[in-house]
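Trainee: I would like a close look at one part of this model. Please take me through the place where the domains meet.

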Amino acid sequence: MPELPEMEHYKRMLTKQLQNKRITDVEIGREKSINIPVSEFSLLTGSQTIKSVTRRAKHLLFHLENDVVLILHLMLGGWLFFGTEEQKPDRTIQVKLSFGTHHLFFIGLRLGYLHLYRGIEGAAEELKKLGPEPLSFELTETKFLELSSKRRGSLKTTLVNQGFLSGIGNCYSDEICFHAGLLPKRKFNELAEHENRKLFHSMQYILRDAVDSGGYMENPFYPGDTLTGGYISKCRVYDREGEPCHRCGGEIVKDEISSKKTFYCPACQS
C-alpha cells in the first residue's frame with residue numbers, strides 16, 4: 001500500500017503536470033470507486049480547472065475551481081499513470097480524467113477510491129481522525145516525545161497507527177526502526193529518552209529520503225519516468241527476509257507483530 005513518501009511523490013508530479021489544467025472529460029469504469037452517481041460526479045468535475053493538489057497522510061486531495069475536492073486513497077494495489085491513450089498500461093482503468101490528449105488513469109482501485117466533496121469542510125471531516133504529519137514543522141522533537149510518552153504499544157503497531165501519526169505503513173515503520181537500531185517489537189514506554197529521540201530523527205531522515213528517492217512504487221507515473229520507485233533499492237530490511245544485513249552482516253528475519261508482517265535484523269537492532 002502506498003505510504004506518505006509515495007503519495008508525496010505523486011503530489012509533486014501531479015502538481016507539475018496538472019495544476020491550472022482543465023478537465024476536458026471524465027470516464028468512470030467502476031462506479032464503486034466513487035461515492036456519488038456517475039452523472040453527478042461528471043457534472044461537478046467536467047470542465048473544471050485543478051487549482052492545486054495537496055496531500056494528507058496517505059490521501060491526495062484535488063482542489064477544483066468550483067470548490068469541489070476529490071479525495072484519493074489508493075489502498076492496496078492502486079496506482080496512477082499520466083499519458084496518452086496509446087501510452088496507457090494494459091490494465092483495467094477505474095477512473096480516467098482527461099486533459100486534452102493526455103489523461104490521468106486511476107488503476108487498481110478495487111479497494112481504493114476517488115471520493116467527491118463539495119467544499120473543504122466535507123473533506124476535512126473525512127480526514128479528521130488522522131494524527132499529525134510526521135514531516136510537519138509542527139511536529140518537533142519535543143512534541144513527538146510528548147505524544148509517544150502516552151503510548152504503551154510496540155514501535156511497529158504504534159508507528160502504523162494513523163491516529164498517532166499519519167502516513168506511515170509497514171515498509172517505512174520497519175525502515176525507521178532499523179535506522180534507529182531498535183527492534184520493532186520494543187514498547188514505546190520501555191524506550192530510554194535517547195532512544196526515543198533517535199527514533200524521531202530516524203523517522204524524519206527515512207521519510208524525507210524516501211520522498212526524494214521516488215518512494216517504492218514499481219510502476220512509472222509517465223513514459224520515461226526514472227524516479228518513481230527509486231527507494232526500492234534503498235530498503236535495508238523491508239521484504240529482505242533471509243538476506244544479509246547491510247550494517248552488520250546478520251540475517252534479516254520476517255516476523256509478525258499484531259498480524260502485521262515485520263522485517264528486522266536481530267543482530268544489530270535491540
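Mentor: Start with the layout. This is a predicted model. The domain assignment splits the chain into domain 1, residues 4-127, and domain 2, residues 141-264. Their C-alpha centres are 28 Å apart.

Now the interface itself. On one side, 20 residues of domain 1 make contact; on the other, 22 residues of domain 2 do. The size of an interface is often given as the accessible area lost when the parts come together. Here the area buried between domain 1 and domain 2 is about 1,800 Å². Carbon and sulfur atoms give 68% of that area. Within domain 1, the residues that lose the most area to domain 2 are Pro 5, Glu 6 and His 9. Together they account for 32% of what the domain 1 side buries.

Next, the polar side of the interface. Side chains of opposite charge can pair when their charged atoms come close. Between domain 1 and domain 2 the count is one salt bridge. Asp 212 and Arg 12 meet in a salt bridge through their side chains, at 3.3 Å from N to O. Polar contacts add to the picture: seven residue pairs between the two domains are in polar contact.

Which elements of domain 1 give two or more residues to the side that touches domain 2? They are α1 (4-18) and β5 (79-83). Helix α1 gives the largest share, ten residues. By class, this side of domain 1 has eleven nonpolar residues, four polar and five charged.

Stay with helix α1 for a moment. Glu 8 lies in this helix, and Arg 55 lies in strand β2, residues 50-56. Their side chains meet in a salt bridge, 2.7 Å from N to O. The pair links distant parts of the chain, 47 residues apart. The structure as a whole holds 20 salt bridges.

Finally, look at the aromatic rings. The structure holds 13 aromatic pairs. Take Phe 144 and Phe 164: their ring centres are 6.3 Å apart and their planes stand at 55 degrees, so the pair is tilted. Phe 144 sits in helix α4, residues 141-148. Phe 164 sits in the loop between α5 (155-159) and α6 (170-180). This pair also links distant parts of the chain, with the two positions 20 residues apart in numbering.

Technical notes
Residues numbered from 1 in each chain as written. Predicted model: local features only at pLDDT ≥ 70, side-chain atom pairs only at ≥ 80, totals over all residues. Heavy atoms only, no water. Domains from an automatic or database assignment. Contact = heavy atoms within 4.5 Å. Buried area = accessible area lost by both parts, 1.4 Å probe. Salt bridge = Lys/Arg side-chain N within 4 Å of Asp/Glu carboxyl O. Polar contact = N/O pair within 3.5 Å; in protein donor to acceptor, adjacent residues only side chain to side chain. Helix = DSSP H or I, 4+ residues; strand = E, 2+ residues; numbered from the N terminus. Nonpolar A, V, L, I, M, F, W, Y, C, P; charged D, E, K, R; others polar. Phe/Tyr/Trp six-rings, centres within 6.5 Å; stacked < 30°, edge-to-face > 60°.
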